[in-house]
Amino acid sequence: MAIQGPIPVSFDQVFPHGCYIVGEVEQVKDFDASSKGRTVYAKDKTTGEPVWQVAVMDADPTVKAGQKTVSVKILSVVQPVPPAPLPGLPFVPVEFDAMTVTPYVGQNTGRLAWSIRARAMRAPRTVAAPAKQSAATSKDIAA
């Protein structure tokens with residue numbers, strides 16, 4: 001099979017309606033290597049970089065309530081900093097760069113699940129509004 005390891009995807013493929021931060025950025029613990037009184041943090045097997053995670057809520061209105069919140073893991077030497085909050089919004093909108101997904105079967109459910117990783121997080125890019133037609137242009141089109 002040609003696909004080996006994580007599958008590269010775009011942010012828009014994973015979150016076509018966007019997503020919002022609903023948790024803190026935390027370093028991922030390596031529970032297998034940790035022991036009582038000694039915490040070991042996870043490192044990416046390929047790059048050796050620390051792994052961080054943040055909970056986000058998918059803004060897709062068709063996603064079931066129990067599946068709206070997912071964890072995105074971020075590979076970064078330093079703790080990623082969330083974008084600044086926007087006035088009037090209860091949650092912080094965010095986008096991720098250099099995303100990958102890795103399918104796996106959940107141990108408790110036996111269902112297909114996805115591990116979502118990224119290299120960076122940032123504020124969403126703004127989309128330029130379409131140019132407005134002038135009154136003369138609209139009139140010419142109607143004629």
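This passage describes the fold, the strand pairing, selected residues and the two largest pockets of a predicted model.

The protein chain contains two helices and nine strands. Read from the N terminus, the elements follow the order β-α-β-β-β-β-β-β-β-β-α. The chain has 143 residues, and 27% of them are buried. Of the contacts between residues at least 6 apart in sequence, 62% link residues that are at least 24 apart. The surface exposed by the protein chain comes to about 10,300 Å², with 57% of this area supplied by carbon and sulfur atoms.

Strand β7 (99-105) takes part in two of the pairings described here. With strand β1, which spans residues 7-9, β7 forms an antiparallel pair over three bridges. Within this pair, P8 is placed opposite T100 of β7. Strand β8 (112-118) is also antiparallel to β7, and six bridges join the two. T100 appears in this second pairing as well, where its bridge partner in β8 is R117. T100 of β7 therefore has P8 as its opposite residue in one pairing and R117 as its partner in the other. The hairpin of β7 and β8 has six residues between its strands, and G110 in this hairpin adopts a positive phi near 75 degrees.

The segment before β1 includes G5. This residue counts as partly exposed because its relative accessibility is 46%. Although G5 and T102 are 97 residues apart along the chain, their C-alpha atoms are separated by 7.0 Å.

A further set of pairings involves strand β6, which covers residues 92-97. Five of the six residues of β6 are buried, so the strand is largely enclosed by the rest of the structure. Strand β2, made up of residues 19-21, pairs with β6 in the antiparallel sense over three bridges. In that pair, C19 is found opposite V94 of β6. Strand β9, residues 120-122, is likewise antiparallel to β6, with three bridges between them. Here D97 stands opposite A120 of β9.

P93 is one of the residues of β6. Its relative accessibility is 12%, and P93 is classed as buried because the cut-off is 20%. Leaving aside residues up to four places away in sequence, P93 makes contact with C19, Y20, P83, L86 and P124. C19 in this group is also the residue opposite V94 in the pairing of β2 with β6. The C-alpha atom of P93 is separated by 9.5 Å from that of V22, a residue 71 places away along the chain.

Empty space was examined next. Rolling a probe the size of a water molecule over the atoms shows where such space is left. The largest pocket has a volume of about 850 Å³. Its lining consists of 26 residues, and those nearest the centre are K45, V51, K73, S115 and R117. Two or more lining residues come from each of β4 (51-58), β5 (69-75), β7 (99-105) and β8 (112-118). The greatest contribution is that of β8, which gives five residues. Sorted by class, the lining comprises 11 nonpolar, seven polar and eight charged residues. R117, listed among the residues nearest the centre of this pocket, is also the bridge partner of T100 in the pairing of β7 with β8.

The second largest pocket has a volume of about 600 Å³. It is lined by 18 residues, with Q67, V70, L112, A113 and W114 lying nearest its centre. At least two lining residues are supplied by each of α1 (11-14), β5 and β8. Strand β8 provides the largest share, which amounts to four residues. The lining is made up of 10 nonpolar, five polar and three charged residues.

Strand β8 thus recurs in several parts of this description. It pairs with β7 over six bridges, gives the most to the lining of the largest pocket and supplies the largest share of the lining of the second largest pocket.

How values were computed. Residues numbered from 1 in each chain as written. Predicted model: local features only at pLDDT ≥ 70, side-chain atom pairs only at ≥ 80, totals over all residues. Heavy atoms only, no water. 1 Å grid on protein atoms, 1.4 Å probe; cavity = no way out; pocket = protein on both sides within 12 Å on 5 of 7 lines; lining within 4 Å. Points joined across faces, edges and corners; volume = space filled by probe spheres on them. Nonpolar A, V, L, I, M, F, W, Y, C, P; charged D, E, K, R; others polar. Buried < 20%, exposed > 50% of the residue type's maximum accessible area, 1.4 Å probe, protein only. Contact = heavy atoms within 4.5 Å. Areas by Shrake-Rupley, 256 points an atom, 1.4 Å probe, with all protein chains shown as cover. Pairing = 2+ DSSP bridges.
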